Amino acid sequence: MSLDLEVQQSLRRVMSLGGLSLAGAARGCNLSTATLSTYLRSTPEAVLYKGDLDGIQKRIATFTKRELERALAPQPPPFVETVISQEIAGVFRLSHVERVIGVVVGPPGVGKTATIEHYVQEMGDTISLSVNAMWDARAILVALCNSLGAQAKGSTWQIAERAIEALTGTGRLVIVDEAQFLKYPALETLRCIHDRARMGLVLCGMQRLYDNMMGKERGLYSHLFSRVTRCALISGDIDGMDVSRIAKSVFPDVTAREMEVFQTIANDPSGGRLRNLVQVLCHLKRTLTATSGKMTPDLIRDAGNLLMFRSAQN
């Protein structure tokens, strides 16, 4: 049983490249922080770890190999402002400045979440909550308090009061992504917080969000939808210039024939639109880097056919 310096050095490299803390690296290796610390302080002359050294080095080697591959993997293209993102950001700005409620409704893959992330980066006083089907009113309140640094303990009413107190007078904006998953009590809780704290609120989601508020139970949601100052209904049609800008952010020398294939993928109504475009661009980048090959329209089509919605059509 001996110390493998190559494994130890690889771990240090991964931690340095990824800005990983000791605790983060320990979680990735499925080891305790104390164990990993002891291992890193070991030398060939003085192996401080007295347990199964070979066993933990195998875990560390597996972790570092995966993380190095991840570091070399193609990154998604940078945020590119599109016609749709401009419309969405317009709702954000209005709601933020005027402290009103906005709604953004659109199909998946048109850039709602990417625009939220970009807006949050630009406007540091914005809170973004990405909800799911498990979230209820209390989960919303706990997440809000955690984002605000307020105590999220006690009864639901107590947590709500702390969230309202932390938001009042701040002029902040709260954006709720995937809001189609929220049922009436959670949405009404958000409406109440908006009214009392006087802050901006935007609900983003798919068509079901709009249908819930304006459908058969419209009367139930009247307190909420009557306060909506701007509602953006995104059609999902992707502007050709936007596809071009996104594709050229990854492949600056893309040809007209190649761009036609990218346009087809981005505007396929059965798929994820811009999200699918980004997935195809990343796949192409990975493939061309590994093979030193040249991009062609057929290669783009092959990448598109790997997507789930395309596989279902074939």
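**Figure 1. Arg196 and its salt-bridge partner in the predicted model.** In this predicted model, Arg196 is partly exposed, with a relative accessibility of 43%. The side chain of Arg196 meets that of Glu161 in a salt bridge, with 2.7 Å from N to O. Glu161 also counts as partly exposed, at a relative accessibility of 23%. Because Glu161 lies in helix H8 (residues 156–167) and Arg196 in helix H9 (residues 184–197), the pair ties together parts that are 35 residues apart in sequence. As a general point for a reader new to such contacts, side chains of opposite charge can pair when their charged atoms come close.

**Figure 2. A salt bridge within helix H12, and a network of salt bridges.** Arg245 and Asp242 meet through their side chains in a salt bridge, where the distance from N to O is 2.4 Å. Both residues belong to helix H12 (residues 240–250), and because they are 3 residues apart there, about one helical turn separates them. The partners are not alike in their surroundings, since Arg245 is partly exposed at 38% relative accessibility, whereas Asp242 is buried at 2%. Elsewhere, Glu188, Arg191, Asp195 and Arg227 are joined into one network by salt bridges that share partners. The count of salt bridges for the model comes to 8.

**Figure 3. The salt bridge between Arg66 and Glu67.** Arg66 forms a salt bridge with Glu67, and the closest N and O atoms of this pair are 3.5 Å apart. Arg66 is partly exposed, having a relative accessible area of 34%, while Glu67 has a relative accessibility of 17% and therefore counts as buried, the limit for that word being under 20%.

**Figure 4. The open sheet and its edges.** The sheet is open and is formed by 5 strands in the order E2-E3-E4-E1-E5, with parallel pairing. Strand E2 (126–130) and strand E5 (228–233) stand at the edges, and because each has a single partner strand, one side of each is left without a neighbour in the sheet. From one strand to the next, the twist averages 15 degrees. Between strand E3 (residues 173–177) and strand E4 (residues 200–205), the parallel pairing extends over 4 bridges, and in this part of the sheet Leu173 stands opposite Gly200 in E4. In general, the strands of a sheet pair through backbone hydrogen bonds, either parallel or antiparallel.

**Figure 5. Strand E1 with its neighbours E4 and E5.** Strand E1 is mostly covered, as 5 of its 5 residues are buried. Ile101, Val103 and Val105 point one way from the strand, whereas Gly102 and Val104 point the other way, and all of these residues are buried. E1 runs parallel to E4, to which it is joined by 5 bridges, and Val104 stands opposite Cys204 in E4. E1 also pairs with E5 in the parallel sense, again over 5 bridges, and the bridge partner of Val105 in E5 is Leu233.

**Figure 6. Helices H5 and H10 against the sheet.** Helix H5 (residues 83–98) lies across strand E1 (101–105) as well as E2, E3, E4 and E5, and H5 runs at about 165 degrees to E1. Helix H10 (residues 207–214) also packs on the sheet, where it touches E1, E4 and E5, and the direction of H10 makes about 125 degrees with that of E1.

**Figure 7. The largest pocket and its lining.** The largest pocket holds about 510 Å³ of space. Its lining is made up of 24 residues, and those that lie nearest the centre are Gly111, Ala114, Leu274, Arg275 and Val278. Helix H6 (112–122) and helix H14 (274–291) each supply at least two residues of this lining, and the largest share, 4 residues, comes from H6.

**Figure 8. Ser235 in the loop between E5 and H12.** Ser235 lies in the loop that stands between strand E5 and helix H12. With a relative accessibility of 53%, Ser235 counts as exposed. The C-alpha atom of Ser235 is separated by 36 Å from that of Ala166, and these two residues are 69 residues apart along the chain.

Methods. Residues are numbered from 1 along each chain as its sequence is written. This is a predicted model: local features need pLDDT of at least 70, side-chain atom pairs count only at pLDDT 80 or more; totals for chains, interfaces and linings use all residues. Side-chain values use heavy atoms; hydrogens and water are left out. Two strands pair if DSSP finds at least two bridges between them. Axes are lines fitted to C-alpha atoms, for helices over the stretch in contact, and angles run from 0 to 180 degrees between N-to-C directions. Contact means heavy atoms within 4.5 Å. Buried means under 20% relative accessible area, exposed over 50%, partly exposed in between (1.4 Å probe, protein chains only). A salt bridge is a side-chain nitrogen of Lys or Arg within 4 Å of a carboxyl oxygen of Asp or Glu. On a 1 Å grid over the protein atoms alone, a cavity is a set of points where a 1.4 Å probe fits but cannot get out, and a pocket is an open set with protein on both sides within 12 Å along at least five of seven lines; lining residues have an atom within 4 Å of a point. Grid points are joined across faces, edges and corners, and a volume is the space filled by probe spheres set on the points.
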